[in-house]
Amino acid sequence: MYLITLDSETDFDGWRKAARTLALHQVAPADVTWGVQGQTQDRMPPGLSEAPSLPPIETETTFSVPANFIELARIAILHRDDERFALLYRLLWRLKADHDLLETMADPDVAQAAAMAGSVQRDAQRMRDIVRFREIGREQKAHYATWFEPEHHIVAFTAPFFARRFADMPWSILTPDICAHWDGHAISFTPGISRTEKPAPGRLEETWRRHFQPDRMPTPEAPRTRPRNLQEASILGPLLADAERWTGGRISPRPEAPVTRKTTAGDDLERLREEAAHCRACHLYKDATQTVFGEGPKSANIMLVGEQPGDKEDLAGHPFVGPAGQMLDRALEEAGVDRKKVYVTNAVKHFKFVPRGKIRLHQKPATPEIRACRQWYEREVSAIQPDLIVAMGATAAQSVFGKITPIGKNRGRLIDLPDGRKALVTVHPSYLLRLPDPKAKVLEYQRFVEDLKIAATLQKKSARAA
Ligand code: URA
């Protein structure tokens, strides 16, 4: 009997390494007991005090498993069921003999692992949906905190989502498992807070101070990570959809924007458009006619991002079809960018306005509205996988960079985004329309065209490479 002790409840790399070694040594699943550091003692089979160690494996000895098994295991391992490590090893063991096993959804092991992954996905989605930060620590430095009780071990899995969405505010998510912290640069983790210390309503700040303020915030030694995307079920889609049939559960993975370029299949645009049509993430849907989603070919390597639909766009249901759109079309043509090959969207997808008699006066979207809508932008990026994102105006720049980004200082040059893409910041075409001085209008228009020429160069380069 072998006893494998993993470093933590979510130690996927440890599980993977041990599972590979065991499988290569032909150690049958029934001969392995899995545990987690600090808890293994309870799980040790009676009579087993010392686990035998396995001899090292020749590096060239290996075997392959389908990529969707790795993704399935990566997510299912976050389930709270103690049996998950053994179940996943059993699956791995069986996959050695039957490479197509995961296609047999009637198989109890396959169905159980898929159901576990689905349950983890739902819990992660619940967390994304219901976590609301409260401002605390006002008299010193603003900080935002929340208490959340996850069903599974999903805090590290979902933390990058919150880091991207709330990139410009420092936050802490307190949970009984672990606490996640974002300082504007990196995510760090500290031990969880016992349920007995769960903050009573209005007492969040007190709990946070007791544990973290000011000298107890994570030190640089605490594990820190960039808000990378722990790749969610891109290739698990079909498997989880099938699991739904076999387990009767509702399994609806929602992939996040990938950070490794061109590696995930991405969201299906039509599905996104349909979902966005029912978006209620902020109040703007109440007065707008409809959601105005992005448009353009899925193969576009350039994405243009505007602020929000205007009056004409709101009625037509298409982005940039009104006066600003005409100005944009003209400038794109002059710069040599083919609009038909570009994906055009807005940071905010509902028209925000105040009625003035028969007119609907445009209102600039506020930060909570930009944040609420950012999920759609992220998922459009995930689906389109553009090489270059052009942010037109301050609202677009705030959405693209996840924080307030001044136009003047940043316009007209390629800027690296954390996911490896390039961004280009420029003014919004409506700004040109509003300029009262005709001379300034001409000059600013020329500058806008110059900025867009950078995109044109890239479009031509990619056309040559294709
Ligand atoms: N302004 C924008 O930002 N987007 C549109 O679609 C139209 C006007």
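# A tour from salt bridges to ligand to cavity

Across the whole of this predicted model, a search finds 29 salt bridges. To look at one of them, select Arg 90 and Asp 109 and display their side chains, which meet in a salt bridge with an N to O distance of 3.1 Å. Colouring by secondary structure then places Arg 90 in helix H4, residues 84–97, and Asp 109 in helix H5, residues 108–130, so this pair ties together parts that lie 19 residues apart in sequence.

Next, select the ligand and show the residues around it, which are Gly 306, Glu 307, Gln 308, Pro 309, Gly 310, Glu 313, Pro 319, Phe 320, Ala 324, Asn 346 and His 428. If you colour this shell by residue class, you should find four nonpolar, five polar and two charged residues.

Within that shell, three distances deserve a label. Begin at Phe 320, where a backbone N or O atom lies 2.8 Å from an oxygen atom of the ligand. Move on to Asn 346, whose side chain has an N or O atom 2.7 Å from a nitrogen atom of the ligand. Then turn to His 428, where an N or O atom of the side chain is 2.6 Å from an oxygen atom of the ligand. With these contacts on screen, it is worth switching to a surface view: the ligand taken alone exposes 240 Å², and the protein buries 94% of that area.

For the last part of the tour, hide the ligand and turn to enclosed space. Rolling a probe the size of a water molecule over the atoms shows where empty space is left. In the whole structure, the search finds three cavities of 30 Å³ or more, and the largest cavity holds about 70 Å³ of space.

To find the largest cavity, select its lining residues, Arg 165, Asp 168, Thr 367, Ile 370, Arg 371, Arg 374, Gln 398, Ser 399, Gly 402 and Lys 403. Showing the helices as ribbons at this point brings out H12 (367–384) and H13 (394–401), the elements that give two or more residues to this lining. Which helix gives the most to the lining of the largest cavity? That helix is H12, which provides four residues. Finally, apply the colouring by class once more, and the lining of the largest cavity divides into one nonpolar, four polar and five charged residues.

Conventions: Residues are numbered from 1 along each chain as its sequence is written. This is a predicted model: local features need pLDDT of at least 70, side-chain atom pairs count only at pLDDT 80 or more; totals for chains, interfaces and linings use all residues. Side-chain values use heavy atoms; hydrogens and water are left out. A residue is near a molecule or strand if one of its heavy atoms lies within 4 Å of it. A polar contact is a pair of N or O atoms within 3.5 Å; within protein, one must be able to donate a hydrogen and the other to accept it, and residues adjacent in sequence count only if both atoms are side-chain atoms. Accessible areas come from the Shrake-Rupley method with a 1.4 Å probe; for residues, only the protein chains shown count as cover. Ala, Val, Leu, Ile, Met, Phe, Trp, Tyr, Cys and Pro count as nonpolar, Asp, Glu, Lys and Arg as charged, and the others, Gly among them, as polar. On a 1 Å grid over the protein atoms alone, a cavity is a set of points where a 1.4 Å probe fits but cannot get out, and a pocket is an open set with protein on both sides within 12 Å along at least five of seven lines; lining residues have an atom within 4 Å of a point. Grid points are joined across faces, edges and corners, and a volume is the space filled by probe spheres set on the points. A salt bridge is a side-chain nitrogen of Lys or Arg within 4 Å of a carboxyl oxygen of Asp or Glu.
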